[in-house]
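This report describes a structure by way of its salt bridges, its chain fold and its chain contact. The sequence and the model are shown first.

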Number of protein chains: 2
Amino acid sequence: MRAEPQDFGRVLSSMCTTPHPAAREAAEQFLATNPGDPDTYQAVADLEAQAITQLAEITGLASPHGYVASGGTEANIQAVRAARNLATTAEPNVVVPDSGHFSFQKAAGVLNVELRTAPTTDEYRVDLDAVSALADEDTVLIAGVAGTTEYGRVDPLGELSRIARDVDALFHVDAAWGGFVLPFTDYEWRFDQVPIDTMTIDPHKMGQAAVPAGGFLTSMPDVLDALAIDTPYLESTDQATLTGTRSGAGIASAVAAMEELWRTGYRDQFQRSMQNTEWLADAFADRGFDTVSPTLPLLAIDLPDGLFSRLREEGWRISRTGAGELRIVCMPHVTREQLSAFMADVDALRARPRTNS
Amino acid sequence: MRAEPQDFGRVLSSMCTTPHPAAREAAEQFLATNPGDPDTYQAVADLEAQAITQLAEITGLASPHGYVASGGTEANIQAVRAARNLATTAEPNVVVPDSGHFSFQKAAGVLNVELRTAPTTDEYRVDLDAVSALADEDTVLIAGVAGTTEYGRVDPLGELSRIARDVDALFHVDAAWGGFVLPFTDYEWRFDQVPIDTMTIDPHKMGQAAVPAGGFLTSMPDVLDALAIDTPYLESTDQATLTGTRSGAGIASAVAAMEELWRTGYRDQFQRSMQNTEWLADAFADRGFDTVSPTLPLLAIDLPDGLFSRLREEGWRISRTGAGELRIVCMPHVTREQLSAFMADVDALRARPRTNS
C-alpha cells in the first residue's frame, strides 16, 4: 500500500482502538468469511453464537438473542426498526436524550419515525421530566445512554425504563462505548438490574476487538422476528441484520478479545484508563481550564478554539463536543506518556502566541 | 481460535471468495482503522477516495461520487433511500425485477417504501411491459440487475433506463456481483453506456477484496447530499453512509485488489471462471440434467431434491434458487479440480441409492 497504516500515537478522539493481539490474529484468520451466509460459513456462524453468549454474560442477559452488527449505528437503527415494526401506531415516535448518538437521527430519517429529543440536566444526564412530557401513546421506544459520546455520562436507566413501561414503549440502552467499562463501576445498567428490551454494546470500542464488531442484544425473541426478512437462495431461511454480507473478521476478533480479557483484563484496562483520565483532568485543572468531571474514561475540557486548532495542526487527532469543548477519550491505546506529550504541546503552544504568516 | 478457519474447498454457493493475496495483506494492515471517522483516520479516508476513483474507471463514471459500503445490501438500501428522500411523493414506490436481490425487500421494509416486483421472461430478464405497467408518478426508483443472484442474467438496462426517465424516477443498476466480470462481455451496463443514476458494485465479490467491501456509486452529487446527516463531535461535518463505523480493512483490500487486477487480472479470471462454468454445464448436460444456459459464471441446474440434500451431507456448500434449482457460482476460488470432484460425487451418489437407516 502506498499510504502508511494508521499510527495511533496521536489519536485522542476515537472510540475505536488498536485491537488486542489475540483479536487481531483471529481477525486475520477469518478475513475470508461471511457470517451473512451462515449455512455456507458455518465456523464463523458458530463463533457468532459464542460472541452473543459472551456478550450476554457481560450484560446479565439470561436468554440471549442478538447478533454482531457493524457497530453502534446499525444496532441503534435496528432497535428503532424493531420497535416501529412491533408497534401498531401509524405515527410512531421515539424519545431519545439529546446526548444520544447521532445515529438516532439517522435511524429516524431512514425509518420514517419521529425523533423527539429530551434535554439533559446540568449533570449531562437526561431530564426525566422532559422524557415523561415527550412520551405518549405513539412512542414506540425510549432510549437511555450508558456512557454518552460527548461526556461519558450514564442516564438514569431505571427511571427511564419505568417511563417506557408506562407508555408501553420498548426500552433501549445504548452502551456502545460504555458496555466494556460499566461492569467495573457502581452503575446499574445490565439486563438483570433494569428492565431492558434492547441494547447496543460494541466489542470494537472498549472491548478491543477489530473493526467492525458491534453488538445488538435483546431480551425479546420477538425483536429479531420483527427484523427478519426471507432469504431465497441462501440455505438459511431468514436474515434479521441490517446489512447482508458481514465481517467474519470482526466476529472472530470479538470472541478472541472477550475470551482473553473478560473479566480481569477489562477491569485492569478500565482502571488504567480511568487513572489516565483523572490525571488528565488534574493536569488541565492545574492550568486553570474548566473540565467536566469524568465518571468514565472520557474527559471534556473548555479549551479556546485557537488552541484546539493549533493542537490539530501539531497532528493531534482530537475533536469537539457540540458545545465546543475538547473531548479526549482514554481508550486502551492512550498511554500516560502520550497524554504527557499532549500536555507538553498544550504548554508550548500557550507559551508561544501564533504569529501571522 | 478453537474453530478452524474457513475452508473454501467445497464452497460452491457463495458470491464471496478468498481475497487476493495483495488484498489480504492490505486488509491486515488496516484492521485498526475506522473510515467512519475520516478526520481521525486520514490514511484510510484517502484510500477510500482512491477506491471510488478506481470503481469509477471500471464503471465509466466521469464525475465519481460514492463510498465503500458494507456490501450490496447496504448499497441497494441507500439507492432506495436517496430516491425516496429526493422525491416529493408521500407514497413512494420502487419497481424492481423479481429476480432482484432480497435486499430490495429489506430496503422497502426499512424505508417504508412500497415494493413493486416485475416478473421476468423465460430468458430470466425482467419483463419490460410489466415494468412499464407498474411504474407511475409515485415511482421514485426503477432497478435493473446486471448479473442476477440466481441465474447470472443481465436485465435490458437501456430500456429500463428509458422507462425510469419517462416517469421521472431514478435508475439504479445492481451490479454487486456482475460488476467485475461485465467489463469483459458485450453487455452495455456502464454509466457511459446507459443513463444510470446509482449503482451497486462490490469489490468483495468478483473483485477479490476481503469482506466487507461493497461499492455505492452515483453520477449525481445530490444523491449523497440526500443521505447525509450531521455529525456533531466528529471533525468531519456529515455522514452519508448507512452504518457509522466502517471497515478500513475492506477499503484497503479493495484498493489493493483493483490495483493488482484491473484490468488484465480480472479479465483472465473471468475467462477461467466462464470456462469452468461452461465445462460444468456440459458435464451436467452429458448426464441428462437440464441447465439454464450461463451467460456469466453462474450455473443453475435442475437437480432432484434428494440428490441436493445428499451432496450437502457430503460437505458441499451449495444452495438453491427460489424455483429449487441447484446454483453454482464459479468464483475465483472455484477450480476445475474442485468441480471435477463435485461431479464425481454426483456420479457416486446417483449410482448408490440412499439406504434407510
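In this predicted model, the side chains of D268(A) and R267(A) form a salt bridge, in which the closest N and O atoms are 3.0 Å apart. D268(A) has a relative accessibility of 28% and therefore counts as partly exposed. Its partner R267(A) is partly exposed as well, with a relative accessible area of 33%.

Over all chains, the structure holds 26 salt bridges. Four of them are listed below with the separation of their N and O atoms.

| Salt bridge | N to O distance |
|---|---|
| D268(A) and R267(A) | 3.0 Å |
| R10(B) and D345(B) | 3.7 Å |
| E28(B) and R24(B) | 3.7 Å |
| D39(A) and R312(B) | 2.3 Å |

In chain B, R10(B) forms a salt bridge with D345(B). R10(B) lies in the segment before α1 (21-29) of chain B, whereas D345(B) belongs to helix α11 (residues 336-351) of that chain, so the pair ties together parts that are 335 residues apart in sequence. How exposed is each partner? R10(B) is partly exposed, with a relative accessible area of 31%. D345(B), by contrast, has a relative accessible area of 17%; because buried means under 20%, this residue is classed as buried.

The salt bridge between E28(B) and R24(B) lies within one helix. These two residues stand four residues apart in helix α1 of chain B, which means that about one helical turn separates them. E28(B) is partly exposed at a relative accessible area of 23%, and R24(B) is partly exposed at 28%. Elsewhere, salt bridges with shared partners link E114(A), R116(A) and D136(A) into one network.

The fold of chain A may be considered next. Its secondary structure comprises eleven helices and 13 strands. For 357 residues, a compact globule would be expected to have a radius of gyration near 21 Å; the value for chain A is 21 Å, which agrees. The C-alpha trace of chain A spans about 65 × 50 × 40 Å along its principal axes. Of the 357 residues in chain A, 63% are buried. Among contacts in chain A with a separation of 6 or more, 70% are between residues 24 or more positions apart.

One of the residues of this chain, S253(A), is found in helix α8 of chain A. Is S253(A) buried or exposed? Its relative accessibility is 0%, so S253(A) counts as buried. Leaving aside residues up to four places away in sequence, S253(A) touches A23(A), A26(A), A27(A), A209(A) and A210(A).

The final topic is the contact between the chains. Chain A contributes 77 residues to it, and chain B contributes 77 residues. Together the two chains bury about 6300 Å², with 58% of this area on carbon and sulfur atoms. How many salt bridges are counted between chain A and chain B? There are two salt bridges, including the one between D39(A) and R312(B). In addition, 22 residue pairs are in polar contact between chain A and chain B, with both residues at pLDDT 80 or more.

Several elements of chain A each supply at least two residues to the side that touches chain B, among them the helices α1 (21-29), α2 (42-59), α3 (72-86) and α8 (248-261), and the strands β8 (229-230) and β12 (319-320). The residues on this side of chain A divide into 32 nonpolar, 26 polar and 19 charged.

Methods:
Residues are numbered from 1 along each chain as its sequence is written. Chains are lettered from A and ligands numbered from 1 in the order in which they are written. Side-chain values use heavy atoms; hydrogens and water are left out. Contact means heavy atoms within 4.5 Å. Buried area is the accessible area (1.4 Å probe) that two parts lose on being put together, summed over both. A salt bridge is a side-chain nitrogen of Lys or Arg within 4 Å of a carboxyl oxygen of Asp or Glu. A polar contact is a pair of N or O atoms within 3.5 Å; within protein, one must be able to donate a hydrogen and the other to accept it, and residues adjacent in sequence count only if both atoms are side-chain atoms. Ala, Val, Leu, Ile, Met, Phe, Trp, Tyr, Cys and Pro count as nonpolar, Asp, Glu, Lys and Arg as charged, and the others, Gly among them, as polar. The radius of gyration is taken over C-alpha atoms; the globule rule is 2.2 Å times the number of residues to the power 0.38. Buried means under 20% relative accessible area, exposed over 50%, partly exposed in between (1.4 Å probe, protein chains only).
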